[in-house]
Amino acid sequence: MTRFKRYVPPILLISPSLILMGIFVYYLIFGSVQLSTTSIHTFPQFTGARPHENVGIGNYLDLLGSEDFRHSLKNLLLYTVLFIVGTMFFGFLWAWLLDRRSKAEGIFRSLYLFPMAVSSVAAGVVWRWLLNANQGQRASGLNRLFQTVGLGFLENGWTTSVDFGIAAIAMPAIWQMSGYVMALFLAGFRGIPNELREAARVDGAKEWQIYRHVLFPQLSPVALSALIILGHMSLKVFDLIVSVTDYRVYTTKAPAVDMANYMNGGDYATAAAIGIILLLVVLVLIVPYLIHTAREDRQ
Amino acid sequence: MTTTALTGHFETKQPTVQMPGRRFDWGRLLRYALLLFFLIVVLIPVYVLFVTSFKAVGDADPSRAWMLPQEWTLENWKVALLGSNSGAYGKIFPVLPALGRTLAMVVPAAIISSFLGSMNGFVLARWRFPYANVVFTLILFGMFIPYQAVMVPLYRIVIDLQQSWLHLQPGIQSLALLHIIYGIPITTLIFRNYYQSVPQELMEAARVDGAGMIRTYVSVVLPISVPSFVVVLIWQFTSAWNDFLFASFFGGNAETQAPVTVTLNAIAHGSMMTNYGVSMSAALLASLPTLVIYILLGKYFIGGLMSGSVKG
């Protein structure tokens with residue numbers, strides 16, 4: 001049985017990983033779904049010391065019906081839009097500025113990208129200071145900087161605004177991730193054969209026409225990847241919020257923070273329901289993309 | 001992502017034709033001015049971190065917020081490193097032992113998950129078996145899920161492991177295990193893509209020579225895997241080092257058990273009034289290892305970035 005002999009060793013080699021994934025991904029997702037349909041809202045119920053019952057999709061309905069969680073969803077939406085628009089704008093602009101063989105390009109590139117190597121918690125420490133809500137005489141942080149450079153009208157309460165507090169959290173996120181989008185776009189620019197540009201130039205195209213008609217169309221796959229990656233990241237925003245404000249600050253809440261609060265408070269069923277909601281949103285985003293790339297890989 | 005090559009993204013430089021400029025190039029000047037402006041904006045938080053970390057407690061007046069310290073002091077750094085129990089600073093958890101704990105968590109986690117990824121990548125790319133593609137997709141899916149979707153039942157499993165005969169310790173032991181497990185998809189992906197780019201003939205030759213799978217892996221595959229190992233090790237090291245989500249649930253006691261992100265967050269949010277001098281010293285200390293890696297091995301860091309960005 002040579003076939004048998006050939007296939008058994010690789011399957012054996014990969015089986016530990018497969019078993020771990022089976023338990024820690026698939027079985028646990030199943031576990032979350034199951035938990036989210038129960039009335040396990042206290043620790044004794046979680047350990048089985050006290051009884052619980054099946055409530056179907058009751059926890060999901062409660063969540064979506066509560067003003068509190070809807071505020072989190074609204075925050076998440078606003079954060080996602082600002083984060084994506086901000087990182088795409090700066091990322092693209094920087095890549096475009098660096099594209100034309102600048103001197104010292106390497107230094108700019110590395111420094112634009114370095115915030116990504118810093119943990120969100122460490123970034124949160126300094127952004128907590130920068131986003132200090134005090135104004136006027138007591139202002140520090142960005143508000144003080146605005147006063148100093150004559151932009152005093154920009155002073156505001158940052159994370160303390162109920163409607164737009166989350167927008168302040170998007171700032172450190174944009175600071176961290178724009179460099180990454182730049183790296184993606186720069187790789188995209190460099191992947192375009194120079195002959196294309198040269199040919200357009202020979203045909204008498206102006207520089208902006210070359211960008212508009214030759215380079216931008218070539219970059220749309222990069223832009224799509226960037227969008228998916230950024231969207232995926234923003235949905236899970238957690239570290240930054242906790243470090244810049246805190247777990248229980250209403251103005252900057254997001255679903256992942258709620259989830260941690262419910263879990264730390266012993267409400268495991270509701271926490272699991274939020275986890276599953278996040279998973280569903282990610283699936284809606286990721287699955288079409290995966291199918292798309294799989295198709296392209298085959299071609 | 002899956003289709004992106006691993007390293008050398010910026011290395012495909014081709015010489016450009018310099019347009020002969022007859023007059024002063026205003027566009028060029030504007031470009032550099034913008035680049036410099038954005039550079040300053042990006043570096044503002046770094047300036048704040050450094051300057052504040054050297055300021056004395058009495059130097060905290062808002063009107064001096066953006067100025068250099070009146071008197072440079074190392075006191076904040078000392079307190080951040082070694083902690084404080086009372087006195088002027090109140091209770092501050094020490095960062096130094098937290099750095100040690102984090103290192104003890106991250107190094108084994110990075111090494112073990114790299115080897116797992118390498119073995120998986122090898123059999124998925126080069127020693128294939130029926131349905132290898134399905135298996136690969138099943139593994140890969142683990143890196144797209146938001147970890148919130150597994151966190152609650154995971155909590156029960158981790159508690160069970162801690163109370164079982166294994167006596168898994170809360171904090172770094174539990175977390176190292178989780179980083180190994182949830183690192184499998186990304187490490188597998190990077191190695192699989194790399195091995196797929198290596199000429200098939202290399203391994204076929206070994207196979208013709210009658211070498212078995214293990215021998216092929218050890219004597220042919222491992223020696224050529226060094227570049228991928230560097231990328232994967234760096235990626236795993238930085239993402240485990242910077243992790244806060246798992247750490248916040250399974251980190252245990254912030255002073256004695258948890259990795260440095262949790263300790264840092266506890267310092268920054270510890271008392272009613274945040275001591276920014278100490279917090280920022282602690283933040284710099286906590287970021288030092290990943291920044292050093294970024295500075296020394298930036299190229300490989302970017303390699304991991306390109307393939308691992310959607311991880312949970």
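This tour proceeds from one selection to the next in a predicted model.

**Chain B as a whole**

Begin by selecting chain B and displaying it as a cartoon. Its secondary structure consists of 12 helices and zero strands. Followed from the N terminus, the elements therefore read α-α-α-α-α-α-α-α-α-α-α-α, where helices are DSSP runs of at least four residues. Of the 312 residues in chain B, 48% are buried. Consider next the contacts in chain B between residues at least 6 apart in sequence: 74% of these join residues at least 24 apart.

**Where the two chains meet**

Now show chain A together with chain B. How many residues of chain B are in contact with chain A? There are 71 of them, and they touch 81 residues of chain A. Select residues 276-308 of chain B, which form helix α12; this helix gives the most to the side of chain B that touches chain A, with 13 residues. Colouring that side by class shows 50 nonpolar, 20 polar and one charged residues.

**The largest nonpolar core**

The next selection is the largest nonpolar core, which has 176 residues. Pick out A:V126, A:A170, B:V150 and B:A283, the residues with the most contacts inside this core. Then select residues 165-191 of chain A, helix α8, which gives the most to the core, with 18 residues.

Centre the view on B:A283. Leaving aside neighbours within four places in sequence, B:A283 is in contact with A:A122, A:V125 and A:V126 of chain A, and with B:L49 and B:L264 of chain B.

B:L264 leads to the next stop, helix α11 of chain B, where B:L264 is among the buried residues. Select residues 260-269 to see this helix. Is it enclosed or open? Eight of the 10 residues of α11(B) are buried, so the helix is largely enclosed by the rest of the structure. The buried residues are B:V260, B:T261, B:V262, B:T263, B:L264, B:N265, B:I267 and B:A268.

**A helix pair in chain B**

Two packed helices are described by the angle between their axes and the distance between the axes. Select helix α3 (residues 95-125) and helix α9 (residues 226-242) of chain B. Their axes come within 9 Å and cross at roughly 140°. This angle makes α3(B) oblique to α9(B), and the crossing is right-handed.

Show the side chains where the two helices meet. On α3(B), select B:T102, B:M105, B:V106, B:A109, B:A110, B:S113, B:S114 and B:G117. On α9(B), the partners are B:F229, B:V232, B:L233, B:Q236, B:F237, B:A240 and B:W241. By class, the residues of this contact divide into 10 nonpolar, five polar and no charged.

**A helix pair in chain A**

Move to chain A and select helix α4 (residues 67-99) and helix α10 (residues 207-235). These helices pack at an angle of about 140°, with their axes 9 Å apart. Here α4(A) passes α10(A) in a right-handed crossing.

The contact is made on α4(A) by A:L76, A:Y79, A:T80, A:F83, A:I84, A:T87 and A:M88. On α10(A), select A:A226, A:L227, A:L230, A:G231, A:S234 and A:L235. The residues of this contact comprise nine nonpolar, four polar and no charged.

Remain on α10(A) and select A:H213, which is found in this helix. With 11 C-beta neighbours inside 10 Å, A:H213 counts as exposed. A:S225 lies 12 residues away from A:H213 along the chain, and their C-alpha atoms are separated by 21 Å.

**Two loop residues with positive phi**

Most residues other than glycine have a negative phi, and most peptide bonds are trans. Which phi value does A:W158 have? A:W158 has a positive phi of about 45°, although it is not a glycine. Find A:W158 in the loop between α7 (141-148) and α8 of chain A. A:W158 is buried, with 27 other C-beta atoms within 10 Å.

Next select B:H167, in the loop between α5 (148-163) and α6 (172-197) of chain B. The phi of B:H167 is near 50°, also a positive value in a residue other than glycine. Is B:H167 buried or exposed? With 9 C-beta neighbours inside 10 Å, B:H167 counts as exposed.

**A last stop**

Finally, select B:T137 in helix α4 (residues 132-141) of chain B. B:T137 is exposed, with 12 other C-beta atoms within 10 Å. Draw a line from the C-alpha of B:T137 to that of B:F250: the two residues are 113 residues apart in sequence and 28 Å apart in space.

Terms used. Residues numbered from 1 in each chain as written. Chains lettered and ligands numbered in written order. Predicted model: local features only at pLDDT ≥ 70, side-chain atom pairs only at ≥ 80, totals over all residues. Contact = placed C-beta atoms within 7 Å. Nonpolar A, V, L, I, M, F, W, Y, C, P; charged D, E, K, R; others polar. Axes fitted to C-alpha atoms, helices over the stretch in contact; angles between N-to-C directions. Parallel < 35°, antiparallel > 145°, perpendicular 65-115°, else oblique. Left-handed = near helix turned anticlockwise from the far one by under 90°. Core = buried A, V, L, I, M, F, W, Y, C linked by C-beta atoms within 7 Å. Buried ≥ 20, exposed ≤ 12 C-beta atoms within 10 Å, placed from the backbone.
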